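Biologist: I am new to this structure and would like a close look at a single part of it, the place where the two chains meet. Could you take me through that part slowly and then show how the surroundings fit in?

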Amino acid sequence: MKMSKTSLILTTTDILGRKQQQSITDVNPNADTTALKTFAQMCNALTTDTYVSTDRIDKINCDLEAGTSKTTPTFSASKTTFSKALAGQDATSTDDGMIYNSRWTVQTTVTYNGDGVLYASVNNAIDTFTVTYSSANTYTVKAITSTSTTLPQTITIHTTETDTYKAATPITLTLTA
Amino acid sequence: MADVVKTSGTLQIVAEFVDEDDRSITFKNPKATITAAEINALSSFIKTNGILLGDKDSADFSRIKSAKKIQSTVKYLDLDS
């Protein structure tokens, strides 16, 4: 699946004090914001300009979002881990202490700046999950898959639409052998 | 009035992706001395943190393939002398 890339705008001042802006394209929309800032600063360190700021561009499609004033949230998943029960052993949930037979666990860190509800579904069926608020705009989503061990399985993380925010484009994680 | 000479430089970095496609990033006002270590550190950082994606199929970043400084000199000829 082709992800749409985003861009950065790096703002600096040159040695004569003039404001400069540089666009950096081909940026991963799921990259961590702090890492993007560090990247921009490292690039700027190769020049004689003084760093001012970095902006990540949020792409809004005017055709799809025509006639609405709702904001599109920034929604991305990173640091995803998949773990499974070893052969002959059951997967244990660390949330409720229950033992699940032949289940897979996926845990991901989701960055979401909207105010809708976050939920996860496995193969399009709502399944057991927990969402823990970690820090500003960051959530840990842990989903325990169904008892079926047929692979591949698709875990989709969704948000709901609110008065202020649109529903974000769902994130799909694929669990393969 | 004599001829006026202005020089300017750019730093062109070529990023390569695992599908062997490459993209250029160009910066103005490069420093006088840029070391290989600085470019390699940037390359490692991009790779570790998933900063850039390739154009064709959002392929992962592989490495910085090349970095070059391009200097241009413009001489404005004095047409009044």
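**A loop residue at the contact between the chains**

Modeller: B:Ile51 is found in the loop of chain B that runs between helix H1 (36-49) and strand E3 (61-76). Please keep in mind from the start that this is a predicted model. With a relative accessibility of 0%, B:Ile51 counts as buried, because the cut-off for that word is anything under 20%. What is B:Ile51 in contact with, once its neighbours within four places in sequence are left aside? On the chain A side the partners are A:Asp26, A:Val27, A:Asn28, A:Ala31, A:Ala35, A:Leu36 and A:Phe39, while chain B itself contributes B:Phe45 and B:Ile46. Within chain B, the C-alpha atom of B:Ile51 is separated by 8.0 Å from that of B:Phe61, a residue 10 positions away along the chain.

The contact as a whole takes 26 residues from chain B and 25 residues from chain A. The size of an interface is often given as the accessible area lost when the parts come together. Here the area buried between chain B and chain A is about 2,200 Å², and carbon and sulfur atoms give 62% of that area. B:Ile51 belongs to a trio with B:Phe27 and B:Leu53 that supplies 27% of the area chain B buries against chain A, which is more than any other three residues supply.

One charged pair also spans the two chains, for the count between chain B and chain A is 1 salt bridge. It joins B:Arg23 to A:Asp26, with the closest N and O atoms 3.3 Å apart. A:Asp26 is thus a residue to look at twice, since it is also listed among the contacts of B:Ile51.

On the chain A side, A:Asp26 and A:Val27 fall in strand E2 (19-27), and A:Ala35, A:Leu36 and A:Phe39 fall in helix H1 (residues 33-44). Strand E2 is part of an open sheet of 3 strands in chain A, which has the order E2-E1-E3 and antiparallel pairing. Strand E2 and strand E3 (50-56) of chain A stand at the edges with a single partner strand each, so one side of each is left without a neighbour in the sheet. On average, and with direction ignored, neighbouring strands of this sheet are turned by 20° against each other. Helix H1 of chain A packs on the sheet and touches E1, E2 and E3 of that chain, its direction making about 145° with that of E3(A). Strand E1 (residues 6-13) of chain A pairs with E3(A) in the antiparallel sense over 6 bridges, and within this pairing A:Thr11 stands opposite A:Ser53.

On the chain B side, B:Arg23 and B:Phe27 fall in strand E2 (residues 22-28), which pairs in the antiparallel sense with strand E1 (residues 4-17) of chain B over 7 bridges. In E2(B), B:Lys28 is the bridge partner of B:Thr10. The two strands form a hairpin with 4 residues between them, and B:Glu20 in the turn has a positive phi of about 70°.

Salt bridges also occur inside chain B, and the structure holds 5 of them over all chains. B:Glu16 forms one with B:Arg63, where the closest N and O atoms are 2.8 Å apart. This pair links distant parts of the chain, as B:Glu16 lies in strand E1 of chain B and B:Arg63 in strand E3 of chain B, 47 residues apart. B:Glu16 is buried, with a relative accessible area of 14%, whereas B:Arg63 is partly exposed at 40%. Another salt bridge joins B:Asp22 and B:Lys65, with the closest N and O atoms 2.7 Å apart. Because B:Asp22 lies in strand E2 and B:Lys65 in strand E3 of chain B, the pair ties together parts that are 43 residues apart in sequence. B:Asp22 is partly exposed, with a relative accessible area of 31%, and B:Lys65 also counts as partly exposed, at 37% relative accessibility.

Methods:
Residues numbered from 1 in each chain as written. Chains lettered and ligands numbered in written order. Predicted model: local features only at pLDDT ≥ 70, side-chain atom pairs only at ≥ 80, totals over all residues. Heavy atoms only, no water. Pairing = 2+ DSSP bridges. Axes fitted to C-alpha atoms, helices over the stretch in contact; angles between N-to-C directions. Contact = heavy atoms within 4.5 Å. Buried area = accessible area lost by both parts, 1.4 Å probe. Salt bridge = Lys/Arg side-chain N within 4 Å of Asp/Glu carboxyl O. Buried < 20%, exposed > 50% of the residue type's maximum accessible area, 1.4 Å probe, protein only.
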